[in-house]
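Visitor: Could you take me through the ligand site, and tell me at each step how the wording is justified?
Guide: Gladly; here is the structure.

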Amino acid sequence: MNTSAVTTPAVDDLSVTVVGLGPMGRAMAGAYLDAGYRVTVWNRTANRADELVARGAVLAAGVEEALRANELVVLSLTDYAAMYAILEPAAAALDGRVLVNLSSDTPEQARQGAAWAAKHGARHLTGGVQTPPSGIGTHEFGTFYSGPRDLFEEHEDALKVLTDTDYRGEDPGLAALYYQLQMDLFWTTLTAWLHTASLAHANGIGLSELKPLATATLTGMGQFLDFYTPRIEAGDHGGDVDRISMAVASLDHVVHTTRDSGVDPALPSAVLAAFRQAAEAGHQDDSLTRLFEVFRR
Ligand code: NDP
C-alpha cells in the first residue's frame with residue numbers, strides 16, 4: 001500500500017467514505033457530494049465510481065486507503081458476507097472507524113457484525129434503509145438505526161444527509177429486525193399485486209384498469225389494521241365479523257379462478273393452506289385473526 005496517499009482521519013470535517021457502489025451506494029455518495037462533503041469511495045468494480053469521480057469524489061486505490069481516509073465509513077453492500085469479504089483483508093485499518101452498515105441482512109448477522117467490528121476497534125451502527133435509491137437525499141423516507149445511542153447522536157447530522165432517521169435502540173439487531181418486518185410486508189404485498197395483475201391480464205383486463213381498484217383495496221388495508229389490531233391485542237378472535245370457514249371458501253374460489261385462467265395458483269394456494277390449517281385445528285368459526293396465533297406455532 002502507498003501510505004503517502006493516506007490522509008489523517010477527519011473527525012469534525014464534513015467527510016465520509018462510502019464502500020459499495022451499487023445503485024444505493026452511488027445514490028448515497030452522490031447525496032454527500034451534493035451536501036458538500038469530501039467523499040472517498042471504493043468499490044470492487046472500480047468503474048462504478050466513474051460518475052462520482054467526475055463530480056469530485058476520490059476513488060481510493062484500495063480498501064485500506066478508503067478506510068483510513070475518514071472516520072465515518074458508510075457500507076452499502078449486498079449483505080454482511082460482502083462486508084467480511086471486503087474488510088477482513090484490510091482489518092488493520094478499522095481501528096477508530098465508525099461503520100454505518102446500511103447493507104441489509106438478518107438481526108443475528110447485524111449483531112455478529114457489530115461484535116466483529118468491535119474486535120477490530122471499530123464502532124458499528126446498523127441501518128435499514130426504507131427507500132429505493134431515488135429517495136436518497138429527498139428526506140421523504142426514513143432509515144432504521146440501532147447501536148450505541150451516543151454514536152448515533154454524534155453522527156446523526158451526517159446520517160440525515162441520506163434520509164430521515166429512526167433510531168430503534170442499542171441492540172445492533174433492532175434496525176435489521178424492523179427492516180425485515182417492513183420487507184416481509186412489502187415483498188408479500190407487492191407480489192400479491194403482481195399475481196392479481198397477472199390474473200387480470202390473463203382475462204383481458206389491463207394493468208391501468210386494475211390500478212384504481214387495486215389502489216383502493218391496498219389503501220383500505222389501513223382500516224382493517226385499525227379494526228383488527230386492538231382485537232388481536234385483547235386476544236379476541238371472535239367470528240362475529242368474519243369466519244375462517246368463509247375465508248377457506250373464498251380463497252378456494254380464488255385458487256380455482258386462477259387455475260381456470262391458466263395462471264400459477266401457488267401464491268393463493270399457500271394462503272388457502274394457512275386458512276385450512278387453522279380450520280383443521282378447530283378454529284373454523286373464529287376470525288381470520290386467529291392466524292396471528294396459528295403462524296406462531
Ligand atoms: P447491490 O447488491 O446492487 O450492490 C451492492 C454492492 O455490493 C455493490 O457495490 C457490489 O460490488 C458489492 N458486493 C456484493 N458482494 C460483494 C463481494 N462479495 N465482494 C465485494 N463487493 C461485493 O445492492 P444495492 O446497491 O441495490 O443495495 C445495497 C444495500 O441496500 C443492499 O443490502 C440492499 O438490500 C439495500 N437496499 C436496497 C434498495 C434498493 O432499492 N436498491 C432499497 C433498500 C435497501 P460490485 O459493484 O463489484 O458488484
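Visitor: What makes the approach of Leu 77 to the ligand a polar contact?
Guide: A backbone N or O atom of Leu 77 is 2.9 Å from an oxygen atom of the ligand, and a polar contact is a pair of N or O atoms within 3.5 Å, so the pair qualifies. A polar side-chain atom of Arg 44 likewise lies 2.9 Å from a ligand oxygen, and a polar backbone atom of Leu 21 is 3.0 Å from one. The protein buries 74% of the 890 Å² that the ligand exposes when taken alone, with accessible areas from the Shrake-Rupley method and a 1.4 Å probe.

Visitor: How do you know which values to trust here?
Guide: This is a predicted model, in which local features need pLDDT of at least 70 and side-chain atom pairs count only at pLDDT 80 or more, while totals for chains, interfaces and linings use all residues. Residues are numbered from 1 along each chain as its sequence is written, and side-chain values use heavy atoms, with hydrogens and water left out.

Visitor: Which residues come nearest to the ligand?
Guide: Asn 43, Thr 45, Arg 48, Thr 78 and Ser 104 do, out of 22 residues around the ligand, where being near requires a heavy atom within 4 Å.

Visitor: Why are two residues of the shell called charged?
Guide: Asp, Glu, Lys and Arg count as charged, and the shell has two such residues beside eleven nonpolar and nine polar ones.

Technical notes: A polar contact is a pair of N or O atoms within 3.5 Å; within protein, one must be able to donate a hydrogen and the other to accept it, and residues adjacent in sequence count only if both atoms are side-chain atoms.
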